[in-house]
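Hello,

Here is the structure for you to look at. My notes on what was found in it follow below.

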Amino acid sequence: MRPDGTPFGVTLLAPGGQDALLASLGRVFHANTNLPMGATGKNQPPLARLSAVPQAGEIAIAAVGAHLSGMPLNGELKSYGARFLEKAQTAPDYCLFALETKPLKPGLLRVAAGQGASIAVEIWALPAEGFGRFVAAIPARSRSAR
């Protein structure tokens, strides 16, 4: 409500298929206004943290290198219906490789405990079908220098 008692609203627009993004923006915007909930006059409950777990029918993966948010291959994950869950780090037991693909794609190799590096990863949830297509595009035994 405006100070003069007149109600107002906000309309959010995005391309088709971006409903979750709009809902997320609206959720945070509404919480940040600290306005009461409509005509009830009741205060909003604290904003609950969204769950960072895969939903039914989704498979969680750890994305690295060029598949991270903002990197050149991140769109590939999204094209398979991937949903970002959270940022994380591996234990210091991994080496990051460039797979011999066109374009180059990242790969992780587990090494002896403490003999690798802690690698920045992002956890993404993929629908089962998207997971299958994503994994099918990974070469079986092709990698280049560490």
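Start with Q55, which sits in the loop between α1 and β1. Is Q55 buried, exposed or partly exposed? Its relative accessibility is 43%, so Q55 counts as partly exposed. Along the chain, Q55 and L126 are 71 residues apart, yet their C-alpha atoms are separated by 9.4 Å.

Please keep in mind that this is a predicted model. The average pLDDT of the chain is 85, and 93% of the residues score at least 70. Of the chain's elements, strand β5 (residues 120-127) has the highest mean pLDDT, at 94. The lowest mean, 82, belongs to helix α1 (residues 19-33). Where pLDDT is low, the predicted coordinates should not be read in detail.

L35 is also placed in the loop between α1 and β1. With a relative accessible area of 30%, L35 is partly exposed. L35 helps to make a nonpolar surface patch of about 640 Å². The other residues of that patch are F8, V10, L12, L21, L25 and F29.

The last residue to look at is K105, in strand β4 (residues 105-110). Why does K105 count as buried? Buried means under 20% relative accessible area, and K105 counts as buried because its relative accessibility is 14%. Which side chain makes a polar contact with the side chain of K105? That is the side chain of E76, at 2.9 Å. Leaving aside residues up to four places away in sequence, K105 touches L73, E76, F97, A98, L99 and A137. E76 therefore appears both in that list of contacts and in the polar contact.

Regards

Notes. Residues are numbered from 1 along each chain as its sequence is written. This is a predicted model: local features need pLDDT of at least 70, side-chain atom pairs count only at pLDDT 80 or more; totals for chains, interfaces and linings use all residues. Side-chain values use heavy atoms; hydrogens and water are left out. pLDDT is the predictor's confidence in each residue, from 0 to 100. Helices (H or I, at least four residues) and strands (E, at least two) are DSSP runs, numbered from the N terminus. Buried means under 20% relative accessible area, exposed over 50%, partly exposed in between (1.4 Å probe, protein chains only). A polar contact is a pair of N or O atoms within 3.5 Å; within protein, one must be able to donate a hydrogen and the other to accept it, and residues adjacent in sequence count only if both atoms are side-chain atoms. Contact means heavy atoms within 4.5 Å. Patches are made of residues with over 30% relative accessible area and no salt bridge: like charges are joined within 9 Å, nonpolar side chains (Val, Leu, Ile, Met, Phe, Trp, Tyr) within 5 Å. Accessible areas come from the Shrake-Rupley method with a 1.4 Å probe; for residues, only the protein chains shown count as cover. A salt bridge is a side-chain nitrogen of Lys or Arg within 4 Å of a carboxyl oxygen of Asp or Glu.
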